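Hi everyone, thanks for making time for this. I'd like to walk you through a structure, one part after another, so please keep the picture open while I talk.

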Amino acid sequence: MNHLAHCFLSFGDEDLLLGNFIGDFVKGHDWENYPKLVQRGILLHRAIDSFTDNHPLASRSASRIRPHAGRYSRPFVDILYDHLLAIHWEKYSEVPFQAFAAKTYAQLENRAFEMPSTLQERLPKMIAGQFLHGYTQREGLEWVLHRFSQRIAGPFEPQSIADAFFQAIEGFSEDFNGFFPELVNHTQLFLRQNR
């Protein structure tokens, strides 16, 4: 899963959100250098990624996009799934998207000083660009796909990935809506077991 899902699966808890948000930037055992409640968020991020990587419906989505994304089909699916979460938002949240995003931006700004330096530098632009809102529209999704494709090795055409996704969006939505409730349950179980 990408930014939106990780933020959503922090359930409004600021410590969890911080850890979940920085999870990709904390390598190895470096998570042990953070306060205990933030550690929990970092480990939650890893649990979410592991569950997603091993879920058959996420694998099915990856196979759908593999002709266009090759060996990077999994991370591209993470991005596509954030768009599906955004467009199916009311199915999964009683909190309106605008209110969720505003609270999330404020919480991240509040804890920016605790983030790895790379994220401290990026966060102001991300928030100014309302990065969570980007997943709600095709144009925003295409921008994220383009940015991601520039950071990895390989000749990717983000437009062809987007076109293939939107042509088969019903199939992707079926995968996502079967998968995501199970991810929410897995996340809640993880948090109960790791208080």
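What follows is a short tour of the inside, two helices, the pockets and a few single residues. Please keep in mind that this is a predicted model.

Let's begin inside. In soluble globular proteins, nonpolar side chains tend to be buried together. Here, the largest nonpolar core has 69 residues. Which residues have the most contacts inside that core? They are Phe21 and Phe180. If we set aside residues up to four places away in sequence, Phe180 touches Met1, Ala5, Phe8, Leu9, Leu85 and Tyr92.

Now find helix α3, which runs over residues 36–53. For a first-year student, this helix makes a nice little exercise. It has 18 residues, and at 1.5 Å a residue they should span 26 Å. The end C-alpha atoms are 26 Å apart, so the expected span and the model agree.

Many of you will want to know what is hidden in this helix. The buried residues of α3 are Val38, Gln39, Arg40, Gly41, Ile42, Leu44, His45, Ala47, Ile48, Asp49, Phe51 and Thr52. And what do they pack against? The partners are α1, α2, α4, α5 and α11. To help you find those on the screen, α2 covers 14–22, α4 covers 56–69, α5 covers 73–87 and α11 covers 169–193.

For contrast, look at Lys36, which also belongs to α3. Is Lys36 buried or exposed? Its relative accessibility is 65%, and over 50% counts as exposed, so Lys36 is exposed. The C-alpha atoms of Lys36 and Phe179 are separated by 29 Å, with their positions 143 residues apart along the chain.

Next, a single residue from helix α1, which spans residues 3–8: His6. Its relative accessible area is 4%, and the limit for buried is under 20%, so His6 is buried. What does His6 contact, leaving aside its neighbours within four places in sequence? The answer is Met1, Asn20, His45, Ile48 and Asp49. Among the buried residues of α3 we already met His45, Ile48 and Asp49.

Helix α5 gives us the length exercise again. With 15 residues, α5 reaches 21 Å from its first C-alpha to its last, close to the 21 Å expected at 1.5 Å a residue. How many of its 15 residues are buried? The count is 12, which leaves α5 mostly covered. Among them are Phe76, Val77, Ile79 and Leu80, and also Asp78, Asp82 and His83.

On to the pockets. The largest pocket has a volume of about 960 Å³. Its lining is made of 31 residues, and Asn2, His3, Met126, Tyr135 and Arg151 lie nearest its centre. The elements giving two or more residues to that lining are α1, α2, α3, α5, α8 (117–128) and α9 (138–151). Helix α9 gives the largest share, 6 residues. Sorted by class, the lining has 13 nonpolar, 9 polar and 9 charged residues.

The second largest pocket holds about 210 Å³ of space. It is lined by 14 residues, with Phe8, Phe11, Gly12, Val95 and Phe100 nearest its centre. Here, the elements that give two or more residues are α1 and α7 (97–110), and α7 has the largest share with 4 residues. By class, this lining divides into 7 nonpolar, 5 polar and 2 charged residues.

Did you catch Phe11 in that list? Let's stay with backbone angles for a moment. Most residues other than glycine have a negative phi, and most peptide bonds are trans. Phe11 is not a glycine, yet has a positive phi of about 55°. This residue lies in the loop between α1 and α2, and Phe11 is partly exposed, with a relative accessible area of 37%. Gln130 is another non-glycine residue with a positive phi, about 50°. You will find Gln130 in the loop between α8 and α9, and at 38% relative accessibility it counts as partly exposed.

One last stop, in helix α11, where Gln188 sits. At 33% relative accessibility, Gln188 counts as partly exposed. How far apart are the C-alpha atoms of Gln188 and Ser10? They are separated by 9.7 Å, while the two residues are 178 residues apart along the chain.

That's the tour, so please go ahead with your questions!

How values were computed: Residues are numbered from 1 along each chain as its sequence is written. This is a predicted model: local features need pLDDT of at least 70, side-chain atom pairs count only at pLDDT 80 or more; totals for chains, interfaces and linings use all residues. Side-chain values use heavy atoms; hydrogens and water are left out. A nonpolar core is a set of buried Ala, Val, Leu, Ile, Met, Phe, Trp, Tyr and Cys residues joined through side-chain atoms within 4.5 Å. Buried means under 20% relative accessible area, exposed over 50%, partly exposed in between (1.4 Å probe, protein chains only). Contact means heavy atoms within 4.5 Å. The expected span of a helix is 1.5 Å times one less than its number of residues. On a 1 Å grid over the protein atoms alone, a cavity is a set of points where a 1.4 Å probe fits but cannot get out, and a pocket is an open set with protein on both sides within 12 Å along at least five of seven lines; lining residues have an atom within 4 Å of a point. Grid points are joined across faces, edges and corners, and a volume is the space filled by probe spheres set on the points. Ala, Val, Leu, Ile, Met, Phe, Trp, Tyr, Cys and Pro count as nonpolar, Asp, Glu, Lys and Arg as charged, and the others, Gly among them, as polar.
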